[in-house]
Amino acid sequence: MSVLTRDEAQARAQLIDIDRYTIELDLTTGDETFESQTVIRFTARSDGSTFVEVKPAELRSVTLDGQPLDPDTLDENRLPLTNLTAGEHELRVEARMRYSRTGEGMHRFTDPTDGETYVYTQLFMEDVQRVFAAFDQPDLKAVFELSVTAPEGWTVLANGITQHLGQGRWQAAPTPLISTYLVAVAAGPWHSVTTEHRGLPFGIHCRRSLAPHLDADADEILDITRACYDRYHEKFEEPYPFDSYDQAFVPEFNAGAMENPGLVTFRDEFVYRSAVTDTERQTRAMVIAHEMAHMWFGDLVTLKWWDDIWLNESFAEYMGYQTCTEATRFTDTWTDFGVVRKAWGYDADQRPSTHPVAPENVNDTASALLNFDGISYAKGASALRQLVTWLGEKDFLAGINTHFARHKFANATLADFIDSLAGATERDVHAWADAWLRTTGVDTLTPVVTGDNGDHTLTVTHTGSRPHRIAVGLYDQDLTDDEGRLTLRERLDLDVPQSTPQPIGKRPALLLLNDGDLTYAKIRFDPGSFQALRTSLSKLPDPLTRAVVWNALRDAVRDGELPATAYLETARTHLPHETDLALVQGVLAFAHAQIADRYLTPDERPAALTTLASLCRDLIRRTEDGDHPGLRLIAVRHFIDVAAHPDTIAAWLTDGTVPGGPELDPDLRWRVLGRLAVLGATDEDTIAAELERDPSATGQEGAARCRAALPDPQTKAKAWEAMFTGDDLSNYLFTATAQGFWQPEQADLVRPYVPRYYEDAVALAARRGPAIADAAGRWAFPAHAIDADTLHLGETCLRDADPIPALRRKLVDQLDDLARALRVRGE
C-alpha cells in the first residue's frame, strides 16, 4: 500500500477543494464484505492530475463526470485521476469492501453471548479507504451525507442524527465540514439510553448483552457528560458544533476511544461487568472529558498535517484531566495523571524513538501513526499544564478562544496556535514553544542546599534546556511524633534556571522540587530529604505530593541511581498506609511488572514476589472492615498476580469468594484461573468449564489467555500457531493469547520461541497490518528474556529484516527497555 506523503498532500490540497461526499453503505450482503458507493463532488482550481484512495475487495466501477474510468488502473490504494480540467467534477466509485477483524476500517463482531452482530468504523489515519473512496488527508474537509442499509432490527448511528426510512434504510443528517478520518458509523441491535441536555440529543449505546451493566452506570455516565459539556461551554466561546452527542461502547476497539464528531466510540471495557475501583471510574470520566474536548480540539479545528497531532491529543489530554477535576466528583485526577500517564511520557521520551511534542519531520502517514504515544499525549499535556502555570489560565483561555474563532471548521498549524496565544499575552510564547515543543528528552532538576543554622539557600541545578516554573515544598518533621509526620512549612514559587539562590531559612527535613507536579522533569533529592522519605513518605499530607515522590523514586530505579530492592523496601514500608488508590495501583504495578519481572534477576525474583504478596496481605487485612472496597480490590488482584503457590487462590476459586469479600466476579475468576495456569495448577477441562460458565467475549479472551499460559509444550505450540501462522484471531484474542504465552516462571519451556519471535512477527505484521503489528510488538514480545542474546537477536532483526514501521517502532522501544533492564541489573 502506498502511504501519503506530506508533499503529495500539499500538492493535492493546492489543486482541489472538496464540496461533498454522498456515501451509501449496504451492510446486508454477507459476513465477509459490504457494498460501498461514493459520490464525491469537488472542484479543481486548475488543470492537473491527482488520485483518490480506496482499498476494495473488488472495485466494481468508477465514473468521472459520467465517463467511465478503468478500475484496473487502481495501483494498490490509489486510483489516478488524470487530465482534470479546472472547474467542478463528480466522481462516483462503487466497490465491495471487506469487514475487518482487527479494529481497522469497518470492524465486524459477533457477540458469543447471544449471537448478535455489530459493526462500527474506526477510520483514523488511512482506514477510511477500507470503507469508502476518499481524498484522504485532514485538510481536505467536506460535508458528508451518509445512508446505510442494515439488517432489520438494527439501529444505525452516525456523526449526525439518523432517521429510519423503513426497510432497513437509514439516513444521517449531513455533517458540517469535517475531515475524512472523523466519519463514523456504528450499526447493530444496540441497547440505548437516550436523553436531552440543553436541547441537544444525548445517547449512550452498547451491545445488548451488556445492557444491565450500562443501565447500572447510565446515570453516572450521563451526569459526567452533562457536567463536562457545561464546563466546556463556560471555557469556550464557540458552542458545541454538532447536532447531537452519542457515545457508543463498542467491542474489540483498539484505542481507549475515538473523537468522531457527534458519535464518540469507546472500548466497551468501560461498561463494567465486574467490580472496579473508584480510580477506574475516574479514568472513564476522564476519557469522556477527553473525547468531548476533541469536539473543539481536533473536530472543529483540525490539524493541517499529522506533525501537529499534539494540537489534538495534548489539548484533549490536558482538558480531560483538568475538566474532570473542576466539574465532576473526581477532584484528584492529576494524581492519577502523575502516576500513570506521566510515567508513560517519561519512558517514551528517554527511548531512541523519542520525538518532539511538535515534530517537524513527519513526512508521511506511516511515520505519523508512530507518534501516538506518551509524548503526544502525556508529555504534551504536561507541557500545556506548565504553559498554563506560566501564562495564567485567563490568558491561556483567551488565546484558545481566538484560535477557535479564527479556524473553526478549518485547519490550523502550530504557528497558527502560537500566534493566537501571542495575541493574549505579553510573554514570549514563540520562545516557549521552541523550548518545549521542538525539543526532546526529559530535564532533571536537583536541589543543592547550602548554609548553616537557620540561614540556608536553595539552588536548583538543571540538566536540560527548558525553562520551568515550579513550586518547592519545604516540609518539617516532628521528631517527637512517633509517626514521623511531615508538615508543610512553606511552598515557594521558583523559576528554573534561577537568577539568584533562593533563601529558605531553616533547613527542612524534606525539600521537594516540583511539589504539585506542575512541570515535566525528573527530580532528585538531597541526602537529608531522601532519608526523611524512607521513614515518612506515607505521612506526606497530599496525594499529589506523594505521587511526585513515587515518580522520582521510580525514575531513580530506572536510571540505576536507586537499587530496585530499595524501591521494594520503601513500598513494603509505606504502601500499607497509603490511601490513594491510584498510588497503590501504580506502585504495585511497577514493583511487579518492572522490578520483580525485569530489573531483578531470576534468582532474586522469588523474594520480590514474597515481599509483594506480604504487602498485599497487609492491605487485605487492613480493609477487613469493608470501608475501603477499592483498596481491597486492588490488593486482592495483585495478591493473585504475585502468588507463588496455588493453594490460597485455588481455595478462593473453589469457594467463589475471598474470605471477608469480595465475591469472585468474572474478572477475578479469570484472573485466578490465569495465575493457576501459569503455576501449572489447572488444566484444559477446568478452563473449558469456566468458559461455559462465562461464554462472553471477555470470557473467550480469558480462556485464550489461560490456555496460552499452561506450562505444556503442545499447548504452547498451539498458541504460537494461532498467533503467528493462522490469521483468524481478532485483535483482542491475539492480545489475550500473547499475554498468556510468555511467563517468567516458564522461561525454560518457552526459550526455543525467543529466536522464532522476530522472524514470525515480521511476517505477521507485513501480512496483517499495523494494528496486529502493534499488538505483536507490545504483547507478544519476549519481555521476560532479559539477556544479551535476546538483545542481539532484536538488533539483528531491525538491521536485516525490514519490519513494517508499526512493528519496527515497538521493537525499538522493547529493545531499549531490555537494554535498560540489563543496565539496572549491572549486566
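Select D299 first: leaving out residues up to four places away in sequence, D299 touches K141, L182, F242, E259, N260, P261 and H294. The model on display is a predicted one. D299 sits in the loop between α3 (278-294) and β20 (301-303), and this residue is buried, with a relative accessible area of 0%. Among the residues that D299 touches is F242; the two C-alpha atoms are separated by 9.7 Å, although D299 and F242 are 57 residues apart along the chain.

Proceed next to P71, in the loop between β5 (67-69) and β6 (78-84). Here the relative accessible area is 24%, so P71 is partly exposed. When neighbours within four places in sequence are set aside, P71 is in contact with L59, R60 and S61. To set P71 against another part of the chain, add T457 to the selection: 386 residues separate the two along the chain, and their C-alpha atoms lie 76 Å apart.

The loop between β4 (58-64) and β5 holds D65. The phi of D65 is near 55°, a positive value in a residue other than glycine. Most residues other than glycine have a negative phi. D65 is partly exposed, with a relative accessible area of 39%.

A second residue with a positive phi is F409, where the angle is about 55° although the residue is not a glycine. F409 is placed in the loop between α8 and β21 (410-412). With 27% relative accessibility, F409 counts as partly exposed.

From F409, turn to the helices. Select α8 (residues 393-407) together with α9 (residues 414-422): their axes come within 7 Å and cross at roughly 130°. That angle makes α8 oblique to α9. The crossing of this pair is right-handed. On the α8 side, the contact is made by F396, G399, I400, T402, H403, R406 and H407, and α9 contributes D416, F417, D419, S420 and L421. Sorted by class, the contact of α8 with α9 comprises 4 nonpolar, 5 polar and 3 charged residues.

Now display α7 (residues 375-391) with α10 (residues 429-437). These helices pack at an angle of about 150°, and their axes are 11 Å apart. The two are therefore roughly antiparallel to each other. The crossing of α7 and α10 is right-handed. Show the side chains of A383, Q386, L387, W390 and L391 on α7, and of V429, W432, W436 and L437 on α10, which make the contact. By class, this contact has 8 nonpolar residues, 1 polar residue and no charged ones.

Two prolines come next. Most peptide bonds are trans. A cis peptide bond, with omega about 0°, joins V496 and P497; P497 is found in the loop between β25 (486-496) and β26 (502-505). Another cis peptide bond joins G661 and P662, with omega about 5°. P662 lies in the loop between α17 (647-655) and α18 (666-678).

The last stop concerns cysteines. How many disulfides does the structure hold? The number is 0. Select C616 and C706 to examine one case: the closest cysteine sulfur to that of C616 belongs to C706 and is 20 Å away, too far for a bond, since a disulfide requires the sulfur atoms to be within 2.5 Å. C616 is buried, with a relative accessible area of 1%. Finally, select C206, which is buried, with a relative accessible area of 0%.

Key:
Residues numbered from 1 in each chain as written. Predicted model: local features only at pLDDT ≥ 70, side-chain atom pairs only at ≥ 80, totals over all residues. Heavy atoms only, no water. Buried < 20%, exposed > 50% of the residue type's maximum accessible area, 1.4 Å probe, protein only. Axes fitted to C-alpha atoms, helices over the stretch in contact; angles between N-to-C directions. Helix = DSSP H or I, 4+ residues; strand = E, 2+ residues; numbered from the N terminus. Parallel < 35°, antiparallel > 145°, perpendicular 65-115°, else oblique. Left-handed = near helix turned anticlockwise from the far one by under 90°. Contact = heavy atoms within 4.5 Å. Nonpolar A, V, L, I, M, F, W, Y, C, P; charged D, E, K, R; others polar.
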